[in-house]
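Got your viewer open? Load the model, get your selection tool ready, and follow along one stop at a time.

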Amino acid sequence: MRTYFMTCLVMPAMAAALAFGLLGTAAVAQTTVDVPIDEARVIATRALLAGETELALQIARSLLQVNPDDRTALLVVAAGAPRVGQPAEGRQAGARAFRLSETDVQRYEAARLTALAAANEERYTLATFWLRRALTVVPNEEERARTIRDAAGVRRANPWSTNLSISIVPSNNVNGGTDDAELEISGEVIPNTTLSADSLALSGVRGTLNFRTQYRFYSTPRDRAAVAFQYQGVRVKLQDEEVEDPRPGSTATIILDPDDFASDLFDLSLIYDRALENGTFGARINFGSFDFGGEPYYDYRRLSFSRNLSLTEQTTLLLSAQREWQDYESNGIRDVIRTTLRSGLSYRRENGDRVTGFIGRTDSDGFSQNFTFEEWSLQGSYSWAEPIGPISLGISGGIKTIDYPEYALFGPIDGGREDNSLFYGVEIGFPGIEYAGFSPGLAISGSIAESNISRFTRDTFSVGFTLNSVF
């Protein structure tokens, strides 16, 4: 990263040479030399710009003994100390200069110098923090692009990688319910049977917090290994917590608790990636738990492998295999084993746009027949490399079919259960709107599911606000 100085700190090379010559002569002749404070600041700054770091630091430190709040001297120390192997001193001086700054341009240069010193100290997370502060006061678009590039470089060097995303999504179906209170199986209405109120589609707002942190503990030019922790919390606010009892003839009011639809996911994973002569290989081991409605629901262990191969310069073959073991708290469910295989192609067009398609199959074998199924899915996506007007855009969609051969509901169902669904999504970003390295976006998603059991026929649609890091 380069330091950012104002134009007033630059001087002609001939004048600089003359100043250094005079100062050098004086330094040989006597131990100290009397120089007015303003001139000392100029000499220290010019010495730093000319590469005379030790001389610049000597003058700047003397200025700070006279006035600890000398901002110019602090900037010289912030820029010069990391060059001589003292990044902690530079970082502390830069942070103090930031606090003393009076304009956005001054804050920007101080924040960048502090970030540079922190990066030299290998405190990459702190460097990222200061680069984000710099982005809040960036003077122009050129500097914004440069700071974002620097932040991406710091992120790559940082063994710690942390992501935080938040989405707030109004939805017509926050609980995945059905629209009809009557139970219908294969076109036949089951008499005297009505679904519960919480099985019906409920409107409201769904909020999701996704936090993930990863530490890379091993790295070579060809492979790397890391450990990661992820938390995902979902909370629901219902549009109406008081609903009518759906049973025929009932006039009672049922009070729903939004916490009954909350969920928490905790995941710990070990990650290994290796670069091969053609493409990459990856392996993951995950251990986690999923809570629903404030109660433990199941624990899981997952083993997955991925392989990417370049078929041409623009086309990549994507393969993955996954095996998951789930242990449920309910004695009626107990354990489930799921195996998923996926293959796909990703094609990058000449203009940078990317087209991706996948086909996948999941086999689930459970103690409960209601958790034993076979699933097929086909999905695709298209993302534009360049913004379209003021927005960035990506779209996705697909179809999925699930067959439960021995599904039971009040007893076995002839022919089991069959679900077919269509799903779609649109990701809209606003690259022109950014603050501290975060940019807002909109996520539009929906699905239409048809089932021979009406409880699982549903239509969902949501539009949500997202906030994501740009690096």
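## Stop 1: a salt bridge within one helix

Select Asp104 and Arg107: their side chains meet in a salt bridge, 3.2 Å from N to O. Keep in mind as you look around that this is a predicted model. Both residues sit in helix H6, and because they are 3 residues apart, about one helical turn separates them. Here is the background: an α-helix has 3.6 residues a turn, so residues three or four places apart point the same way. Now switch on the surface. Asp104 is partly exposed, at 43% relative accessibility, and Arg107 is also partly exposed, at 25%.

## Stop 2: salt bridges that reach further

The structure holds 20 salt bridges, so there are plenty to hunt for. Next, select Glu121 and Arg91, whose side chains meet at 2.6 Å, N to O. This pair links distant parts of the chain: Glu121 is in the loop between H6 and H7, Arg91 is in helix H5, and they are 30 residues apart. Which of these two would you call buried, and which partly exposed? Arg91 is buried, with a relative accessible area of 14%, while Glu121 counts as partly exposed at 22%. The cut-off that decides it is 20%: buried means under that value.

Now jump along the chain to Glu374 and Arg361, which form a salt bridge of 3.1 Å, N to O. Glu374 belongs to strand S14 (residues 373–383) and Arg361 to strand S13 (residues 354–366), so the pair ties together parts that are 13 residues apart in sequence. Glu374 is partly exposed at 32%, and Arg361 is partly exposed at 26%. For a small group, select Asp38, Arg41 and Asp70: salt bridges with shared partners join them into one network.

## Stop 3: the covered helix

Stay with Asp70 for a moment. At the start of H4, one of Asp70's side-chain oxygens comes within 3.3 Å of the backbone nitrogen of Thr72. Now select the whole of helix H4, residues 71–80. How many of its 10 residues are buried? The count is 9, so call this helix mostly covered. Among the buried ones are Arg71, Leu74, Val77 and Gly80. To see what does the covering, show helices H2 (37–49), H3 (53–66), H5 (87–100) and H6 (104–120), which are included in the cover.

## Stop 4: into the core

Keep those helices on screen and look for the largest nonpolar core, which has 41 residues. Ile59, Val76, Val77 and Trp130 touch the most other members. H2, H3, H4, H5, H6, helix H7 (124–135) and helix H8 (141–157) each supply at least two residues of this core. As a general point, nonpolar side chains in soluble globular proteins tend to be buried together. Zoom in on Val76: leaving aside residues up to four places away in sequence, Val76 touches Ala44, Thr45, Leu48, Ala56, Leu57, Ala60 and Ala81. There is also a second, separate core of 10 residues, which includes Leu183, Ile185, Leu195 and Tyr404.

## Stop 5: strands side by side

For the last stop, select strands S16 (residues 417–429) and S17 (residues 438–451). They run antiparallel and are joined by 11 bridges. Find Ser421 and look across: Ala449 in S17 stands opposite. Then add strand S18 (residues 458–469), which pairs with S17 in the antiparallel sense over 12 bridges. Which residue of S18 stands opposite Ile448? That one is Asp459. Finally, trace the hairpin of 6 residues that joins S17 to S18.

Terms used. Residues numbered from 1 in each chain as written. Predicted model: local features only at pLDDT ≥ 70, side-chain atom pairs only at ≥ 80, totals over all residues. Heavy atoms only, no water. Buried < 20%, exposed > 50% of the residue type's maximum accessible area, 1.4 Å probe, protein only. Helix = DSSP H or I, 4+ residues; strand = E, 2+ residues; numbered from the N terminus. Contact = heavy atoms within 4.5 Å. Polar contact = N/O pair within 3.5 Å; in protein donor to acceptor, adjacent residues only side chain to side chain. Core = buried A, V, L, I, M, F, W, Y, C linked by side-chain atoms within 4.5 Å. Salt bridge = Lys/Arg side-chain N within 4 Å of Asp/Glu carboxyl O. Pairing = 2+ DSSP bridges.
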